[in-house]
Amino acid sequence: LHPCPSLPHAFGRPSANAAAVCRISGCWNGVLTTTFENGETEVMDVSQLSRGTKVVPPMIQQGKMESRRLWRKVTSALQAGQETAAAKYKKALEDMQRRRLQQYQRDGTSHAPKFFRREDEHWVFSQGNSTDV
């Protein structure tokens, strides 16, 4: 499911083994229509669903490369209305990412995602396979 960048709409084609099993279209935060291979459709109004509680480990338990830990200074600065400080922290993060990429290139290695692995042209969820977090 891919959100459209300019509109609150989405469409997607979930697949198993690269074969499309359905088509999903509609507003990602409103009504979604799923059309299955056999032509049947299901309509779901996402806005009527209850939201689950977000569970986030305390900062002290997060890995050094987890998103909330990395972006905490940017987030705090934005919440405080300090756009200049937020831009400075964001630039520092981007510079760090560039340095990591350069190091990977020098070493002839690449980033190993923690929760996904590449299988052919698809990313597949895994239970965590990297110590780089």
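1. A surface patch, as the word is used here, is made of residues with over 30% relative accessible area and no salt bridge, and nonpolar side chains are joined into one within 5 Å. In this predicted model, Phe115, Phe116, Trp123 and Phe125 form such a nonpolar patch on the surface. Together the four residues offer about 440 Å² of accessible area. Trp123 sits in strand S9, which covers residues 122-125. With a relative accessibility of 49%, Trp123 counts as partly exposed, because the exposed class begins only over 50%.

2. On the overall fold: the protein chain contains two helices and nine strands. Their order along the sequence is β-β-β-β-β-β-β-α-α-β-β. Seven strands therefore come before the helices in the pattern, if one reads it with strands taken as DSSP runs numbered from the N terminus.3. On burial and contacts: of the 133 residues in the protein chain, 14% are buried. The chain exposes about 10,700 Å², and carbon and sulfur atoms supply 54% of that area. Among contacts in the chain with a separation of 6 or more, residues 24 or more positions apart account for 9%.

4. Thr34 is one of the residues worth locating in the strands. Thr34 belongs to strand S6, residues 31-36. Its relative accessibility is 14%, so Thr34 counts as buried, the limit for that class being under 20%. Apart from neighbours within four places in sequence, Thr34 touches Cys22, Arg23 and Ile24 on one stretch of numbering and Glu40, Thr41 and Glu42 on another.

5. Next, the loop ahead of the helices. Pro58 lies between strand S7 (41-45) and H1, in the loop that joins them. Pro58 is partly exposed, at a relative accessible area of 44%. Pro58 and Arg68 are 10 residues apart in sequence, and their C-alpha atoms are 10.0 Å apart in space.

6. Helix H1 runs over residues 67-79 and has 13 residues. From its first C-alpha to its last, H1 reaches 17 Å, close to the 18 Å expected at 1.5 Å a residue. H1 also bends, by about 45° at Lys73. After H1 comes Gly81, which has a positive phi near 75°.

7. Helix H2 covers residues 83-107 and has 25 residues. Its span from first C-alpha to last is 36 Å, close to the expected 36 Å at 1.5 Å a residue. H2 is followed by Gly108, where phi is again positive, near 70°.

8. Which residues of H2 are buried? They are Ala86, Leu93 and Tyr104. The cover over these buried residues includes H1.

9. On charged pairs: the model has four salt bridges, counted by the rule that a side-chain nitrogen of Lys or Arg lies within 4 Å of a carboxyl oxygen of Asp or Glu. One of them joins Arg117 and Glu119, with the closest N and O atoms 2.9 Å apart. Both partners are partly exposed: Glu119 has a relative accessible area of 34%, and Arg117 has a relative accessibility of 35%. Elsewhere, salt bridges that share partners link Lys91, Asp95 and Arg98 into one network.

10. The details of that network are as follows. The side chain of Asp95 meets that of Lys91 in a salt bridge at 2.7 Å, N to O. Asp95 also pairs with Arg98 in a salt bridge, at 2.8 Å, N to O. Asp95 and Lys91 are four residues apart in helix H2, about one turn of the helix. Asp95 and Arg98, likewise in H2, are three residues apart, again about one turn. An α-helix has 3.6 residues a turn, so residues three or four places apart point the same way.

11. How buried or exposed are the members of the network? Asp95 counts as partly exposed, because its relative accessibility is 23%. Lys91 is partly exposed as well, at 48%, and Arg98 falls in that class at 46%. The limits that matter here are under 20% for buried and over 50% for exposed.

Methods:
Residues are numbered from 1 along each chain as its sequence is written. This is a predicted model: local features need pLDDT of at least 70, side-chain atom pairs count only at pLDDT 80 or more; totals for chains, interfaces and linings use all residues. Side-chain values use heavy atoms; hydrogens and water are left out. Patches are made of residues with over 30% relative accessible area and no salt bridge: like charges are joined within 9 Å, nonpolar side chains (Val, Leu, Ile, Met, Phe, Trp, Tyr) within 5 Å. Accessible areas come from the Shrake-Rupley method with a 1.4 Å probe; for residues, only the protein chains shown count as cover. Buried means under 20% relative accessible area, exposed over 50%, partly exposed in between (1.4 Å probe, protein chains only). Contact means heavy atoms within 4.5 Å. The expected span of a helix is 1.5 Å times one less than its number of residues. The bend at a residue is the angle between axes fitted to the seven residues ending there and the seven starting there.
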